[in-house]
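User: I have a model open and would like to learn how to read its features one at a time. Could you walk me through it?

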Amino acid sequence: MSVPASVQWVGGVDGHIELIDQTALPGRLERLACRDVETVIEAIQSLRVRGAPAIGIAGGYGVVVAADEARRQHLTGEAARAHVLARAESLASARPTAVNLRWAVERALRAIETLPEDTPAAVLGEALLTEARAIHDEDRQLCAAIGRHGAAVLPAGGVLTHCNTGALATGGDGTALAVITTAWDQGRRFEVFADETRPLLQGARLTAWELVQRGIPVTVVVDAAAAHLMKSGRVAAVIVGADRITACGDTANKIGTYGLAVLAAAHGVPFFVAAPSSTFDLAIDLGEDIPIEERAAREVTHPLGVQAAPEGAAAFNPAFDVTPARLIKAIITERGVIEPVTRATVTGHM
Ligand code: MRU
């Protein structure tokens, strides 16, 4: 069984975005219609849509929604374009770490750059929709290629993954999770461990849900079990996705990824990153320059809405961390495998 598309465009240029509301999973499969930019931004910030490629796709379609807002407000010429550009900037900065979001918004905007100043909003929308659809379609193909390249280098034995990098997080079958599902679909059999991924439980709620939908056995572990699991010898590889990869290969991903990479090195377990080229930011050299999103303390003190820390306790809630390139055995992209991970191999690959 497959997993439904996490983001889709419904209708023509005056249509809307339909998202799977990932905050309702695994209990309920609910869809959310986004007909205005505020709803798209709220969905991105609340993680109703999440995962670097998926928020990029939502951002691309979000700019189409901005053009439709301009049309509905009867804005013309420069006023229509100014509305689109202002809303595009709000979309691009809705979350700071995953570079795919700004990348997709800026790519969509390039489609209207050369259109005359007095272009009507509906015509701007047509050009933006064509580009947003292209971003979405390409991502579907990139995922398939990442799955193939990754399955070819994934060693035999158990695999541990972190956060959610599957169909929910992308326009196709995923990045790191596509490597796992591609290997499985090729007939290989191995244990799959999903870190629950505190505090928002993307691993337990979403990765486990996707694997169950696909009929692939999955074992959820608390994040703190990773060291014990690796020591037991049941993990032959760790594979994760990425939100931004710098020119030297330093990689931002869900909080806890860096710790996993340190543990993998300590236990001699290869640590893989899988990501499309839209996740690379060669304008940034070192990981310390990647902006790290900090989220509300309440996500830590009240997991799933249940009070877990006393009133008055503070919480530090970085959503991402950075794994240095030296801890990464290889980065798998749609173009192939970067190994070893160095400034020369990363920039040469792009
Ligand atoms: O905060 P999230 O759930 O959007 O974080 C997502 C991740 O960290 C993923 O690992 C990453 O975006 C890669 S998704 C293919």
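Analyst: Happy to. Let's begin with charged pairs: the count comes to 22 salt bridges. Keep in mind that this is a predicted model.

User: Let's take one of them. Which residue forms a salt bridge with E131, and how far apart are the closest N and O atoms?

Analyst: The partner of E131 is R107, and their closest N and O atoms are 2.7 Å apart. A good next step is to place both ends in the chain. E131 sits in helix α5, R107 in helix α4 (residues 99-110), and the two are 24 residues apart, so this pair links distant parts of the chain.

User: Is R107 buried or exposed?

Analyst: The cut-off for buried is under 20% relative accessible area. R107 has 13% relative accessibility, so it counts as buried.

User: And what does D285 pair with?

Analyst: D285 forms a salt bridge with R343, with 2.8 Å between the closest N and O atoms. Here too, distant parts of the chain are linked: D285 is in the loop between β11 (280-281) and α10, while R343 is in helix α11 (residues 343-349), 58 residues apart. As for accessibility, D285 counts as partly exposed at 31%, and R343 counts as partly exposed at 42%.

User: What if salt bridges share partners? Which residues do they join into one network?

Analyst: Start with one pair and work outwards. The side chains of R295 and E293 meet in a salt bridge, 2.7 Å from N to O. Both ends are buried: R295 has a relative accessibility of 17%, and E293 has a relative accessible area of 9%. Salt bridges with shared partners then join R95, E293, R295 and E299 into one network.

User: Tell me more about E299. Where does it lie, and what does it touch?

Analyst: E299 lies in helix α10 (residues 298-301). With 16% relative accessibility, E299 counts as buried. Its side chain is joined to that of R295 by a polar contact of 2.8 Å. Setting aside residues up to four places away in sequence, E299 touches P199, L200 and N317.

User: P199 caught my eye. What is the peptide bond from R198 to P199 like, cis or trans?

Analyst: For this feature, look at the omega angle. The bond from R198 to P199 is cis, with omega near 0°. P199 is found in the loop between β5 (192-195) and α7 (202-214). Another cis peptide bond joins L25 and P26, where omega is about 5°. P26 lies in the loop between β2 (16-20) and β3 (31-34).

User: What about phi? Is that of L201 positive or negative?

Analyst: L201 has a positive phi, near 60°, and it is a residue other than glycine. L201 is in the loop between β5 and α7, and it is buried, with a relative accessible area of 10%. L304 also has a positive phi, about 50°, although it is not a glycine. L304 is in the loop between α10 and β12 (320-323). With a relative accessible area of 68%, L304 is exposed.

User: Now helices. How are two packed helices described?

Analyst: The description uses the angle between their axes and the distance between the axes. In this structure, helix α3 (residues 77-92) and helix α5 (residues 121-153) pack at about 40°, and their axes are 9 Å apart. That makes α3 oblique to α5. A80, R81 and V84 of α3 make the contact with A121, L124 and L128 of α5. By class, this contact has five nonpolar residues, no polar ones and one charged residue.

User: Let me finish with one small residue, A66. Where does it lie, and which residues is it in contact with?

Analyst: A66 lies in helix α2 (residues 52-72). A66 is buried, with a relative accessible area of 0%. Leaving out neighbours within four places in sequence, A66 is in contact with V37, H83, V84 and R87. You have met V84 already: it is one of the α3 residues in the contact with α5. R81, another of those α3 residues, is 15 residues from A66 along the chain, and their C-alpha atoms are separated by 9.5 Å.

How values were computed:
Residues are numbered from 1 along each chain as its sequence is written. This is a predicted model: local features need pLDDT of at least 70, side-chain atom pairs count only at pLDDT 80 or more; totals for chains, interfaces and linings use all residues. Side-chain values use heavy atoms; hydrogens and water are left out. Axes are lines fitted to C-alpha atoms, for helices over the stretch in contact, and angles run from 0 to 180 degrees between N-to-C directions. Helices (H or I, at least four residues) and strands (E, at least two) are DSSP runs, numbered from the N terminus. Angles under 35 degrees count as roughly parallel, over 145 as roughly antiparallel, 65 to 115 as roughly perpendicular and the rest as oblique. Contact means heavy atoms within 4.5 Å. Ala, Val, Leu, Ile, Met, Phe, Trp, Tyr, Cys and Pro count as nonpolar, Asp, Glu, Lys and Arg as charged, and the others, Gly among them, as polar. Buried means under 20% relative accessible area, exposed over 50%, partly exposed in between (1.4 Å probe, protein chains only). A polar contact is a pair of N or O atoms within 3.5 Å; within protein, one must be able to donate a hydrogen and the other to accept it, and residues adjacent in sequence count only if both atoms are side-chain atoms. A salt bridge is a side-chain nitrogen of Lys or Arg within 4 Å of a carboxyl oxygen of Asp or Glu.
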